[in-house]
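Hi,

Here is the structure I promised to pass on. Have a look at it first, and then read my notes below.

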Amino acid sequence: MRALSSLRWKIALTTTAVCCMVAAALGILVHNVVARQIVGEVRTKADAELDHALGHYEYGTSHGDVNVALDPPGLPERLRELVARGDTGSMVGHRGDEPVMWAAAPADEQTLAIWIPYGNTRDRLRDIDTAILASSIVAAGAVALAGLFLADRISRRLATTAAVARRISAGDLDARVGLPADDGGGGGDDRRPARSRDEVRDVAQALDSMAGSLQDRLEAEKRFTADVAHELRTPLTGSLAAAALLPAGRPKEMINDRLKALHLLTEDLLEISRLDSGVERAELARVELGRAVRRAVTGSGRDATVRVVRDAVVLTDRRRLDRILANLLVNSHKHGRPPVEVTVEGPVVAVRDHGPGYPSELIEQGPQRFRTGDPGRGRGHGLGLTIVAGQAAVLEIELTFANAPDGGAVTTLRLPVGRLPEAS
């Protein structure tokens, strides 16, 4: 059923239906025209025979034809009434079981009638109807095949465009439809005649143009972030060294606190720029996940309970995994509320707090730098979860953000499974 609902089948079926309706209308029109013509020919012949029979009747001579009679029993009643009023007429009727064309005229207060066999005329009409039906079927089939071919061509190009759009939405900004310049005629040149335009190609070119523009803007943003972080790193290092020479006291503590916060922000920006550039490579090893998570939670210095339901050996970079878990714990304590729970079940790690939960925009679109979402989860730069998403992509970890039914943010990590080491 899904295949029949696709665009190609809709176009093909619509084209075929329209062709069948046109063929039926033309068939009925041709049938009526031909039927009137054939009946007219037979009626003309019957009128001529009737005139001939009337001439013989007036002169009292024999017509010499057995198809002439006075007041024949099979004469249609309507034709008999017409003659009774003094008129002459003809109509199709039957003589016994045989269809005939009747023609009658008044003759000395009687009805002189002739009849001509009409069966051959019906056979001719039946043959013509058969020919019309066969021609209509052939035409409908040809149009259906042509419509299916054209619809398939359009549908394939639209499917390719949709697939590229999905790849771009997933983050592959290098994806392009890439239709050739001479494909379809009009393209995106508005100066070309409207009859040569190809709307599907226009959509593909617009998508490619949008992707190129978006990629340029993102690349510029990445370069700007990296440049700012690099430019800030040197003066911050000097400022930290100079602050260490200040005399002890509250002013020194405040200056050092702000400089350290700015230093951490700069380091986060540098890490994001490295992740964005795609140069980061994981040093994978087989790791017992339960032990690694306990060590990462202890090393983060954040209060959290670790529960290992079922341990597993996974293939990961322990340093990057520690960074991911540390950022998640910091985010839970900064924007959520305790208790913070970390659960290991096989290759899946879930980090949960009991705060107001993630904003809907973050769940739907993922974390974005310098966007903190719901003010209810506190203030921040939005870099911690951005780093989590970037490091998870390097480790090929399936990352999902959600909210627990009874409240609280839940972040789930599904790690690639590694094999247990062979016993020596």
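What follows is a short tour of what turned up in it.

One thing to keep in mind from the start: this is a predicted model.

Let's begin with a pair of helices. In general, two packed helices are described by the angle between their axes and by the distance between those axes. Here the pair is α6, covering residues 289-300, and α7, covering residues 318-335. Their axes are 9 Å apart and meet at an angle of about 55 degrees, which means that α6 is oblique to α7. As for handedness, the α6 and α7 crossing is right-handed.

Which residues make the contact? On the α6 side they are Leu 289, Ala 292, Val 293, Arg 295, Ala 296, Val 297 and Ser 300. On the α7 side you'll find Arg 318, Leu 321, Asp 322, Leu 325, Ala 326 and Leu 329. Sort the residues of this contact by type and you get nine nonpolar, one polar and three charged.

Arg 318 also turns up in another pairing, this time with Ala 285. The two are 33 residues apart in sequence, yet 7.8 Å apart in space, going from C-alpha to C-alpha. Ala 285 belongs to strand β5, residues 285-288, and is partly exposed, since its relative accessible area is 35%. What does Ala 285 touch, leaving aside neighbours within four places in sequence? The answer is Val 314, Leu 315 and Thr 316.

Now the cysteines. How many disulfides does the structure hold? Zero. Take Cys 19: the closest cysteine sulfur is in Cys 20, and at 5.7 Å that is too far for a bond, because a disulfide needs the two sulfur atoms within 2.5 Å. Cys 20, likewise, is in no disulfide. Are these two buried or exposed? Cys 19 is buried, with a relative accessible area of 13%, whereas Cys 20 is partly exposed, at 38%.

One last stop is Asp 216, in helix α4, which runs over residues 199-243. With 51% relative accessibility, Asp 216 counts as exposed, because the cut-off is over 50%. Its C-alpha atom is separated by 9.5 Å from that of Leu 173, and the two residues are 43 apart along the chain.

Try finding α6 and α7 on your screen, and then follow the contact residues from one helix to the other.

Cheers

Terms used. Residues numbered from 1 in each chain as written. Predicted model: local features only at pLDDT ≥ 70, side-chain atom pairs only at ≥ 80, totals over all residues. Heavy atoms only, no water. Axes fitted to C-alpha atoms, helices over the stretch in contact; angles between N-to-C directions. Helix = DSSP H or I, 4+ residues; strand = E, 2+ residues; numbered from the N terminus. Parallel < 35°, antiparallel > 145°, perpendicular 65-115°, else oblique. Left-handed = near helix turned anticlockwise from the far one by under 90°. Contact = heavy atoms within 4.5 Å. Nonpolar A, V, L, I, M, F, W, Y, C, P; charged D, E, K, R; others polar. Buried < 20%, exposed > 50% of the residue type's maximum accessible area, 1.4 Å probe, protein only.
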